Amino acid sequence: MHDHGHDHSHHFDTHNRSFAIAVCLNILFVVIEAVYGVISGSLALLADAGHNLSDVMGLIMAWAASWLASKAATSAKTYGLKKTTILAALSNALILIAAVGGITWEAIQRLADPADVAGLTVVIVAGIGVLINGATMMLFLKGQKGDINIRGAFLHMAADTAVSVGVVISGTILMFTNLTWIDPIVSLVIAVVIFVGTWQLLKDSVNLAVDAVPKGIDPSAVHERLESLPGVQSAHHLHIWALSTTENALTVHLVKPDPESDDQVISEAAEMLNQHFGIQHTTVQWERCEGQCPNTLLC
């Protein structure tokens with residue numbers, strides 16, 4: 001017999017307004033940066049324009065996933081499309097890693113053959129980038145704390161802000177010196193910044209994609225709390241995984257010889273798991289005798 005304790009009150013925040021503003025501002029900036037990157041001959045500007053273009057695609061992907069995750073479940077998709085937020089976070093991380101490779105390759109090529117760069121143009125355009133990227137980063141500051149899909153968007157913007165600051169510095173140096181190699185060096189620094197900011201996102205999204213226990217949940221602590229429930233002798237066959245970047249699920253077999261108060265214990269378990277571990281969907285299977293698990297190979 002299976003009993004279910006599900007909290008369906010969780011509302012998925014799609015952050016529509018934040019995504020709309022971020023996408024529009026970044027599309028505008030990509031055009032500005034690409035045009036003036038060509039005019040000034042700055043690889044740093046062109047590299048950042050390419051990275052910002054990947055950000056636009058990433059933002060759109062994250063936005064679409066957040067919208068899909070808010071759709072109701074169906075008989076064929078019983079959890080809805082919540083998992084798309086995890087796929088979007090993973091895709092964003094992979095896009096950023098690919099961007100790192102492209103920027104690094106171009107920077108190495110430019111180091112071997114430095115080009116003249118219009119420093120003032122670089123400073124002005126990158127300065128605009130600091131303002132735009134900083135503003136869009138703040139749109140996702142609050143939401144990124146509990147959602148790696150939104151964190152992906154936040155990290156894109158945070159990295160871009162840091163990168164634009166770096167490009168301003170390189171442009172300023174070029175205005176007063178002939179150190180043409182500084183531009184590709186800044187591009188390499190850009191690549192490092194992006195990689196460092198992306199690595200944890202990649203690890204977290206891969207873990208969620210393969211149904212690993214979500215970050216911040218200690219399975220041993222969950223097991224201990226389940227076994228402390230009234231009338232429960234032991235817990236086994238415990239599985240914890242992410243339904244989306246904001247919702248988690250759990251299934252467990254609980255040995256409870258006395259069927260009295262089953263419903264009360266399930267209610268207590270669901271509330272405890274939600275409040276203390278951020279697990280919103282709980283499925284409990286009762287067993288009346290120790291060692292009577294029907295799924296022996298899994299227990």
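How many helices and how many strands make up the secondary structure of the protein chain? There are eight helices and four strands, in what is a predicted model. Read from the N terminus, the elements follow the order β-α-α-α-α-α-α-α-β-β-α-β. The points below cover the chain as a whole, then helix H8 and the nonpolar core it contributes to, and then some other elements and single residues.

**The chain as a whole**

- The protein chain has 299 residues, and 47% of them count as buried.
- About 14,100 Å² of the protein chain is exposed, and 65% of this area is supplied by carbon and sulfur atoms.
- Among contacts in the protein chain with a separation of 6 or more, 75% are between residues 24 or more positions apart.

**Helix H8**

- H8 takes in residues 262–277, which is 16 residues. From its first C-alpha to its last it reaches 21 Å, close to the 22 Å expected at 1.5 Å a residue.
- Its buried residues are Asp262, Val265, Ile266, Ala269, Ala270, Met272, Leu273 and Phe277. They lie on the same side of H8 because they cover an arc of only 165° around the axis.
- Asp263, Gln264 and Gln275, on the other side of H8, are exposed.
- Asp262 belongs to H8. With a relative accessible area of 9%, Asp262 falls under the 20% limit and therefore counts as buried.
- Leaving out residues up to four places away in sequence, Asp262 touches Lys256, Trp286 and Arg288.
- Gly278 follows H8 and has a positive phi, near 65°.

**Nonpolar cores**

- The largest nonpolar core contains 19 residues. Val222, Leu226, Leu250, Leu254, Leu273 and Ile279 have the most contacts inside it.
- Two or more residues of this core come from each of helix H7 (219–227), strand S2 (234–242), strand S3 (248–255), H8 and strand S4 (281–287).
- H8 gives this core its largest share, six residues.
- Ile279, one of the residues with the most contacts inside this core, is in contact with Ile217, Val222, Ile240, Asn248, Ala249, Leu250, Ala270, Leu273 and Asn274, when neighbours within four places in sequence are left aside.
- Another core, of 18 residues, lies apart from the largest one. Leu45, Ile103, Val125 and Val163 are among its residues.

**Strands S2 and S3**

- S2 and S3 pair in the antiparallel sense, over seven bridges. One bridge links Trp241 to its partner Ala249 in S3.
- The hairpin that joins S2 to S3 runs through five residues.
- S2 is mostly covered, with seven of its nine residues buried.

**Pro257, in the loop between S3 and H8**

- Pro257 sits in the loop between S3 and H8. Its relative accessible area is 35%, so Pro257 is partly exposed, a class that lies between the 20% and 50% limits.
- Not counting residues up to four places away in sequence, Pro257 touches Gly231, Gln233, Glu287 and Arg288. Arg288 is also touched by Asp262.
- Pro257 and Cys289 are 32 residues apart in sequence, while their C-alpha atoms are 6.0 Å apart in space.

**Helices H1 and H6**

- H1 covers residues 16–40, which is 25 residues. At 1.5 Å a residue H1 should span 36 Å, and its end C-alpha atoms are 36 Å apart, so the two values agree.
- The buried residues in H1 include Phe19, Ala22, Val23, Phe29 and Val30. Ser18, Asn26, Glu33, Gly37 and Ser40 in H1 are buried as well.
- Gly41 comes after H1, with a positive phi near 75°.
- Thr198 is in H6, which covers residues 182–209. The relative accessible area of Thr198 is 2%, under the 20% limit, so Thr198 is buried.
- Thr198 touches Ala93, Leu96 and Ile97, residues up to four places away in sequence not being counted.

Terms used. Residues numbered from 1 in each chain as written. Predicted model: local features only at pLDDT ≥ 70, side-chain atom pairs only at ≥ 80, totals over all residues. Heavy atoms only, no water. Expected span 1.5 Å × (residues − 1). Buried < 20%, exposed > 50% of the residue type's maximum accessible area, 1.4 Å probe, protein only. Arc of directions from axis to C-beta. Core = buried A, V, L, I, M, F, W, Y, C linked by side-chain atoms within 4.5 Å. Contact = heavy atoms within 4.5 Å. Areas by Shrake-Rupley, 256 points an atom, 1.4 Å probe, with all protein chains shown as cover. Pairing = 2+ DSSP bridges.
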